[in-house]
Amino acid sequence: QVQLVESGGGLVQAGGSLRLSCAASGRTFSSRATGWFRQAPGKEREFVAAISWSADNTDYADSVKGRFTISRDNAKNTVYLQMNSLKPEDTAVYYCGIQYGSRWYERTDYANWGQGTRVTVSS
């Protein structure tokens, strides 16, 4: 199955930007969406954004809508998450996964999680 590796996290000040990458290797599933989720200490993993394979459909959590943009480059087998106007509450480990269920917003409908990339936003 496909293996995913997240990268691009780091430490930024509030108002700054980061671009996360989710690189896939191995056999990919062209009919499935890719999602970004994040998990802060002591909290459950929550939905951030998702994109269909053809990029004709995207979805965002209300907390990031207007600030984050998800995109993909299938030629590079990579999904991106452009994060602008970052806030301290965006601090978390960000994961990407492949959607196998029907719900874009539900973590249990995803699998093939990467190791995550840590994002820290200082105030």
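A disulfide is a pair of cysteine sulfur atoms within 2.5 Å. This predicted model holds one disulfide, made by C22 and C96. The torsion about their S-S bond is about 80°, so the disulfide is right-handed. The structure also holds five salt bridges. Four of its strands form an open sheet.

**The disulfide**

- The sulfur atoms of C22 and C96 lie 2.0 Å apart.
- C22 sits in strand β3 and C96 in strand β9. The two cysteines are 74 residues apart, so the pair links distant parts of the chain.
- C22 has a relative accessibility of 1%, so C22 counts as buried.
- C96 is at 0%, and C96 counts as buried too.

**The salt bridge between D90 and R38**

- D90 forms a salt bridge with R38. The closest N and O atoms of this pair are 2.9 Å apart.
- D90 lies in the loop between β8 (78–83) and β9 (92–99), while R38 belongs to strand β4 (residues 34–39). The pair therefore ties together parts that are 52 residues apart in sequence.
- D90 has 0% relative accessibility, which means that D90 counts as buried.
- R38 is buried as well, with a relative accessible area of 5%.
- The pair belongs to a network of salt bridges that links R38, E46, R67 and D90.

**Other salt bridges**

- The side chains of R107 and E44 meet in a salt bridge, at 3.6 Å from N to O. R107 is in the loop between β9 and β10 (110–111). E44 is in the loop between β4 and β5 (46–51). The two residues are 63 apart, and their pair links distant parts of the chain.
- R107 is partly exposed, at 32% relative accessibility. E44 is exposed, at 54%.
- D109 and R103 also meet through their side chains in a salt bridge, at 3.1 Å from N to O.
- D109 counts as buried, at 11% relative accessibility. R103 is partly exposed, with a relative accessible area of 32%.
- Why does D109 count as buried, at 11% relative accessibility? The cut-off for buried is under 20%, so a value of 11% puts D109 in that class.

**The four-stranded sheet**

- Strands of a sheet pair through backbone hydrogen bonds, either parallel or antiparallel.
- Here the order is β1-β3-β8-β7, and the pairing is antiparallel.
- Which strands stand at the edges? They are β1 (3–7) and β7 (68–73). Each has a single partner strand, so one side of each is left without a neighbour in the sheet.
- Neighbouring strands of this sheet are turned by 15° against each other on average, direction ignored.
- β1 pairs with strand β3 (residues 18–25) over five bridges, in the antiparallel sense. In this part of the structure, Q3 stands opposite S25 in β3.
- Strand β3 also carries C22 of the disulfide.

**Strand β9 and its partners**

- β9 is mostly covered, as eight of its eight residues are buried. C96 of the disulfide is in this strand.
- Six bridges join β9 to β4, and the two run antiparallel. R38 has Y94 in β9 as its bridge partner. The side chain of R38 also takes part in the salt bridge with D90.
- Three bridges join β9 to strand β11 (residues 117–122), again antiparallel. V93 has R118 in β11 as its bridge partner.
- Two bridges join β9 to β10, and these strands run antiparallel. I98 has A111 in β10 as its bridge partner.

**The start of the chain**

- V2 is found in the segment before β1.
- Is V2 buried or exposed? At 2% relative accessibility, V2 counts as buried.
- V2 and A111 are 109 residues apart along the chain. Their C-alpha atoms are separated by 9.7 Å. A111 is the residue in β10 that partners I98.

Methods:
Residues numbered from 1 in each chain as written. Predicted model: local features only at pLDDT ≥ 70, side-chain atom pairs only at ≥ 80, totals over all residues. Heavy atoms only, no water. Salt bridge = Lys/Arg side-chain N within 4 Å of Asp/Glu carboxyl O. Buried < 20%, exposed > 50% of the residue type's maximum accessible area, 1.4 Å probe, protein only. Pairing = 2+ DSSP bridges. Axes fitted to C-alpha atoms, helices over the stretch in contact; angles between N-to-C directions.
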